[in-house]
Amino acid sequence: MEYRKLPHGEERISTVGLGTGSLIGISEDEIEALILKALDNGINFFDLCASAKRVYEPFGRAIKTRRESVYFQLHFGAVYNSEGEYAWSRDVNEIKSVFEWEMNALQTDYADFGFLHCVDENEDFDKILDSGLLDYLKELKKQGRIRHLGFSSHTPSVSNRVLDTGLMDMLMFSLNPAYDFERGDELGIGTVHERFKLFGRCAAEGVGISVMKPFHGGKLLTAETSPFGEKLTHYQCIQYALDRPGVLCVVPGVRNMDDLNVLLGFSGSTAEERDYSVIGGFTAGQLAQNCVYCNHCQPCPAGIDIGLVNKYYDLARVGDKLAVGHYEKLKKDATACLHCGHCDSRCPFGVKQSERMEEIAAYFTAQ
């Protein structure tokens, strides 16, 4: 399992996490066994926006003896009715009551991430500010009852507004090729460039991204339901998300142990199994001449990690000072380019990497 460090913290988060929203068709004992198996296989990050209230107690039992090495997100605004069914609220008193119940059910006295839940509209954020919900989360953080502030959203423009507060350590965002290339549904909000600019901003400002909907609700996994008319695999979708700037963790929902076993296979998968460059044939013209860091152009005869060089360049241009330092530490940077054209001939997105290497070299030389 690969781990990535939270920029505004010391936590090292598994790149594959688990969402619990789909754990409604198995027993509590099966839920506990599933979480234990995930932990035993290196998964340490979980999203607790559950579709059923009964997920919390077995989850709490599973993590009880290793609480300090487990990280989870709680959503302030996700509430549960008397039958234990998921609902949505902006009522602060109701949210406070649910949080206290969650802490008791989970047998812990803190949440790692306290999230403003589903901030998709400007009106949502206005209500959060007016109701005092953000102030409540700030106070919980001050008390140590939540370690980090974050929020979930599907909307780049609203996400940028929340990021403007300077308070956030994590964003949970809907991210997959269908959404990023404007082939999604009503939740795939924002243009290609708006979404990519948001990812770059998060990386530049040290706000980690945990990814929801990496498979587009499963639609990308079959040709019949894929908006591209061709299927992608679980591992292609996961790697695509992990290659976006700012992303720490992909958090797919699982229904049962079979779903978990599929996800656990990602760590042992080959580069070929993760290669998502096929999407270049689905998205002609939408991101032409822009590198998406897929590294399908490899191997470079000069030994340049072309995707990484491009990523550091894009991040540096949006203000990420650390990206400049990372670039400078590369054993082979853009100045090593032989202009042989090997990468140009292989890029599925039509990027002229040999020309881009000149541009990148000139940029960093001037820094």
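# Worked exercises on a predicted model

In this predicted model, Met170 stands opposite Gly208 in β11.

**Exercise 1. Find which strands pair where Met170 faces Gly208, and place them in the sheet.**

Solution.
1. Strand β10 covers residues 170-174 and strand β11 covers residues 208-212.
2. These two strands pair in the parallel sense, over 5 bridges.
3. Both belong to an open sheet of 8 strands, whose order is β3-β4-β5-β8-β9-β10-β11-β12 with parallel pairing.
4. The edges are held by β3 (18-19) and β12 (247-250); each has a single partner strand, so one side of each is left without a neighbour in the sheet.
5. Helix α9 (residues 234-242) packs on this sheet and touches β11 and β12, its direction making about 155° with that of β12.

**Exercise 2. Decide how α4 and α6 are oriented relative to each other, and list the residues that meet.**

Solution.
1. Helix α4 spans residues 122-131 and helix α6 spans residues 156-163.
2. Their axes come within 9 Å and cross at roughly 25°.
3. Angles under 35 degrees count as roughly parallel, so α4 is roughly parallel to α6.
4. From α4, the residues in the contact are Asn122, Phe125, Asp126 and Leu129; from α6 they are Val158, Arg161 and Val162.
5. By class, this contact of α4 with α6 has 4 nonpolar, 1 polar and 2 charged residues.

**Exercise 3. Describe the largest pocket by its volume and its lining.**

Solution.
1. The space in the largest pocket is about 850 Å³.
2. Its lining has 35 residues, and those nearest the centre are Ser22, Lys213, Val251, Pro252 and Gly253.
3. Helix α10 (residues 257-264) gives the most to this lining, with 3 residues.
4. Sorted by class, the lining of the largest pocket holds 16 nonpolar, 14 polar and 5 charged residues.

**Exercise 4. Do the same for the second largest pocket, and name the elements that line it.**

Solution.
1. The volume of the second largest pocket is about 730 Å³.
2. It is lined by 29 residues, with Gly246, Lys311, Tyr312, Leu315 and His326 nearest its centre.
3. Two or more lining residues come from each of β1 (3-5), α8 (192-205), α9, β12, α12 (306-317) and α13 (321-328).
4. Helix α12 supplies the largest share of this lining, 5 residues.
5. The lining of the second largest pocket divides into 15 nonpolar, 7 polar and 7 charged residues.
6. Of the elements listed in step 3, α9 and β12 also appeared in Exercise 1, where α9 was found to touch β12.

Technical notes:
Residues are numbered from 1 along each chain as its sequence is written. This is a predicted model: local features need pLDDT of at least 70, side-chain atom pairs count only at pLDDT 80 or more; totals for chains, interfaces and linings use all residues. Side-chain values use heavy atoms; hydrogens and water are left out. Two strands pair if DSSP finds at least two bridges between them. Helices (H or I, at least four residues) and strands (E, at least two) are DSSP runs, numbered from the N terminus. Contact means heavy atoms within 4.5 Å. Axes are lines fitted to C-alpha atoms, for helices over the stretch in contact, and angles run from 0 to 180 degrees between N-to-C directions. On a 1 Å grid over the protein atoms alone, a cavity is a set of points where a 1.4 Å probe fits but cannot get out, and a pocket is an open set with protein on both sides within 12 Å along at least five of seven lines; lining residues have an atom within 4 Å of a point. Grid points are joined across faces, edges and corners, and a volume is the space filled by probe spheres set on the points. Ala, Val, Leu, Ile, Met, Phe, Trp, Tyr, Cys and Pro count as nonpolar, Asp, Glu, Lys and Arg as charged, and the others, Gly among them, as polar. Angles under 35 degrees count as roughly parallel, over 145 as roughly antiparallel, 65 to 115 as roughly perpendicular and the rest as oblique.
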